Amino acid sequence: MIDSLHLMSNKEYKISVLSGDGIGPEVMAEAIRVIDKISSEFDVKFIIDEQLVGGIAIDKTSSPLPKETLKSCEQSDAILFGSVGGPKWESLPPDTQPERGALLPLRKHFGLFANLRPSICFPSLTNASPIRPDLVEGGFDVLCVRELTGGIYFGEPKEIKDQGDEKVAIDTMVYKESEIERIASVAFDAAMGRNKRVTSIDKANVLMNGILWRETVERVASKYPEIKLDHLYVDNAAMQLIRRPRDFDVVLAPNLFGDILSDEMAMIAGSLGMLASSSLGQSLGNGLYFGMYEPSGGSAPDIAGQGIANPCAQILSASLMLRYSFGLTDAADAIDLSVRKTIDSGFRTGDIFTNDEGTQRVNTNEMGDAILSNL
Ligand code: IPM
Ligand code: MG
């Protein structure tokens with residue numbers, strides 16, 4: 001016991017911090033303050049290496065993912081990511097834009113195939129949900145497990161070409177059994193530590209991919225007899241999630257469907273500004289992973305630069321990093337609790353402000369202050 005405590009206290013972790021564009025730097029600043037406090041309270045050392053990514057990297061180096069940034073990530077224990085993209089870079093050639101030129105290559109380069117997006121609606125925040133109060137009363141906790149390095153995002157061919165006197169666009173959806181198996185295992189493992197229910201999403205009534213997805217998920221499920229598995233077509237899932245969000249536990253989805261449904265879940269839970277995510281590769285053993293941690297929302301150019309964005313998703317992403325990449329469970333629990341307390345005591349950024357009694361509207365920095373003081 002003493003030995004392990006001793007080991008913990010000497011530990012050093014290198015984090016590549018890629019704040020990116022839009023609200024990225026504003027919310028990242030708050031997450032870094034939280035990490036600094038964790039460092040002193042829990043006696044661990046974090047070496048923070050800030051690097052350029054996305055539009056700002058294009059402006060400064062002409063590449064959305066400079067070599068130096070990639071090298072820093074390769075030499076780190078984890079990547080803490082902000083957000084990339086914005087109107088300024090939308091008309092660049094597709095492959096040089098922030099999303100296609102930085103975010104997707106980072107996911108692919110590090111084999112981060114498992115994207116975990118917890119959609120948690122705090123009981124004290126149900127009023128921020130845009131859906132009928134009786135449907136979210138008491139809150140809910142749904143985990144979206146999204147496949148992140150395959151499917152239609154990455155399949156080849158992927159192009160726009162001339163055909164006769166017009167253009168055609170081609171995207172290819174490809175899944176190998178092995179890719180479906182490994183993401184399904186992540187979902188089932190996660191469900192074992194939760195309410196033991198998995199809802200698998202596909203479009204098996206139209207797509208060949210859906211047929212293979214369903215068959216493969218069924219096969220993986222047979223190794224988890226305690227789990228209750230059901231399947232939903234993605235269109236039906238979009239409807240059921242909004243009708244009865246509290247009935248779901250783990251939602252397992254291919255890349256594109258997971259992208260869409262996780263935004264829907266985030267909004268049902270109250271705001272994209274609350275939702276963290278982790279993108280993990282193969283386990284490194286001891287239940288730890290190399291991972292990239294980022295808010296589920298984007299760069300929000302509409303509110304960037306005003307200091308009003310919600311920093312909770314970025315701070316909770318840092319907490320996921322401590323949990324999954326460093327195994328600092330107590331520190332991660334402490335961050336989650338302080339965010340919870342801050343929300344419960346009425347602090348609200350604009351995205352979750354509902355003008356209820358006992359709540360006050362705060363800016364990014366004030367939200368950070370409140371979370372720090374609860375830590
Ligand atoms: C997400 C984002 C990205 C995605 C974009 C920015 C490429 O929407 O992480 O959900 O589609 O994966
Ligand atoms: Mg998305």
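**View 1. Two domains share the shell around ligand 1.** Domain 1 (1–117 + 273–375) and domain 2 (130–268) each give at least three residues to this shell; the domain bounds come from an automatic or database assignment. This is a predicted model, where local features need pLDDT of at least 70, side-chain atom pairs count only at pLDDT 80 or more, and totals for chains, interfaces and linings use all residues. Residues are numbered from 1 along each chain as its sequence is written, chains are lettered from A and ligands numbered from 1 in the order written, and side-chain values use heavy atoms, leaving out hydrogens and water.

**View 2. Here's who sits around ligand 1.** The shell is made of Glu99, Leu103, Arg107, Arg117, Arg146, Tyr153 and Asp259, where a residue counts if one of its heavy atoms lies within 4 Å of the ligand. Sorted by class, that's five charged residues, two nonpolar and no polar; Asp, Glu, Lys and Arg count as charged, Ala, Val, Leu, Ile, Met, Phe, Trp, Tyr, Cys and Pro as nonpolar, and the others, Gly among them, as polar. Helix 5 (residues 98–109) chips in the most, with three residues. Helices (H or I, at least four residues) and strands (E, at least two) are DSSP runs numbered from the N terminus.

**View 3. Polar contacts to ligand 1.** A polar contact is a pair of N or O atoms within 3.5 Å; within protein, one must be able to donate a hydrogen and the other to accept it, and residues adjacent in sequence count only if both atoms are side-chain atoms. A polar side-chain atom of Tyr153 is 2.5 Å from a ligand 1 oxygen. For Arg107, a side-chain N or O atom is 2.7 Å from an oxygen of ligand 1, and for Arg146 the distance is 2.8 Å. On its own ligand 1 exposes 320 Å², and the protein buries 76% of that (Shrake-Rupley method, 1.4 Å probe).

**View 4. An open sheet of ten strands.** The strand order is 2-1-3-12-11-4-5-10-8-9, with mixed pairing; two strands pair if DSSP finds at least two bridges between them. Strand 2 (45–50) and strand 9 (228–233) are at the edges with a single partner strand each, so one side of each has no neighbour in the sheet. Strand 11 (residues 278–283) and strand 12 (residues 289–293) run antiparallel, joined by four bridges.

**View 5. A cis peptide bond between Glu156 and Pro157.** Omega is about 0° here, and Pro157 belongs to strand 6 (residues 155–163).
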